[in-house]
Amino acid sequence: MPEDGPSPEIDTTRPSVARMYDYYLHGKDNFQVDRDAADRVARAMPEIGELALENRSFLRRSVRYMVRRGIRQFLDIGSGLPTVGNTHEVAQEIVPDARVVYVDSDPIVLVHGRALLATNEFTTVAQADMRRPADVLEHAATTGLIDFSAPVGVLMIAMTHFLTLEEREGVMAPLRDALAGSHLAATHVTTEGHDAAAVEQIEAAYAATPTPIYFRGKADIALFFEGFEFVDPGLVTIDAWNPEDDKTDRPAKDVGKWLYGGIGRKI
């Protein structure tokens, strides 16, 4: 169940990545500052709303893949605000006692997560920054829901692109070391096949938030899976990753090529 404690202070003077994502998904938990930043992104990437839906579809496909291979506990890093088709809903539809810990640095996620998960004994939410992986792992362990001696499904959906390449090893190595027999699912925006001016405009919009974004080519994206072995079909654009496994809210347009995604199994 969610951790007790006072409600954290929410900063409404700067755009929040979690609230911008909520706006892309037509949610209501966002402010004008978030909508303005999201609209700047949409001017360069008009299909951003459909891409957000495709990214959520990848999350659902990933969770199903891992549950079907025996994963019974999940750590969702950078989970964002609650929406339909959350990790715990997908996992617990197949295995009712699957355990899920959501982690996000944005205090609004903690506030809404506490309310949403108040009656779910197998799911909780914690506030921690992925740039401090020791905090993420400690929070997950102290919930009593995650046992790092057993396989874990780690989700970093649309999160690795908020790390610089210099930060990558400092974040990924402790996670990798803690994950015996585990799986990592991640998606990451790419420069490949896209107009450089559009990429620059999107990066500029996110530069106004506490979490700048970095577009990369496939080779650099693959570095985040170092120490993991890709499962089929490997690192591909998310529209090509087992698309037949989720027909819900799939966009009609081919928008998934903005993101590479994959699942790696700990070697």
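**Cavities and the principal pocket**

The second largest cavity has a volume of about 60 Å³ in this predicted model. Its lining is formed by Ala-18, Tyr-21, Asp-22, Leu-25, Arg-56, Ser-79, Gly-80, Leu-81, Pro-82 and Thr-83. Helix α1 provides the largest share of the lining of this second largest cavity, namely three residues. By class, five of the residues lining the second largest cavity are nonpolar, three are polar and two are charged.

In total, two cavities of 30 Å³ or more are present in the structure. The largest cavity encloses about 70 Å³ of space. Ser-79, Gly-80, Leu-81 and Pro-82 are among the residues that line the largest cavity, and these four residues also appear in the lining of the second largest cavity. The wall of the largest cavity further includes Asn-86, Tyr-102, Val-109, Gly-113, Leu-116, Leu-117 and Val-125. Helix α5, spanning residues 107-116, gives the most to this lining, with three residues. The lining of the largest cavity comprises seven nonpolar and four polar residues, with no charged residues.

The largest pocket has a volume of about 760 Å³. It is lined by 45 residues, of which Val-17, Ala-18, Met-159, Phe-162 and Thr-211 are the closest to its centre. Ala-18 also belongs to the lining of the second largest cavity. At least two residues of the pocket lining are supplied by each of α1 (17-24), α3 (48-67), β1 (73-77), β2 (99-104) and α8 (196-206), and α3 accounts for the largest share, with six residues. Classified by residue type, the lining of the largest pocket consists of 28 nonpolar, eight polar and nine charged residues.

Technical notes. Residues are numbered from 1 along each chain as its sequence is written. This is a predicted model: local features need pLDDT of at least 70, side-chain atom pairs count only at pLDDT 80 or more; totals for chains, interfaces and linings use all residues. Side-chain values use heavy atoms; hydrogens and water are left out. On a 1 Å grid over the protein atoms alone, a cavity is a set of points where a 1.4 Å probe fits but cannot get out, and a pocket is an open set with protein on both sides within 12 Å along at least five of seven lines; lining residues have an atom within 4 Å of a point. Grid points are joined across faces, edges and corners, and a volume is the space filled by probe spheres set on the points. Helices (H or I, at least four residues) and strands (E, at least two) are DSSP runs, numbered from the N terminus. Ala, Val, Leu, Ile, Met, Phe, Trp, Tyr, Cys and Pro count as nonpolar, Asp, Glu, Lys and Arg as charged, and the others, Gly among them, as polar.
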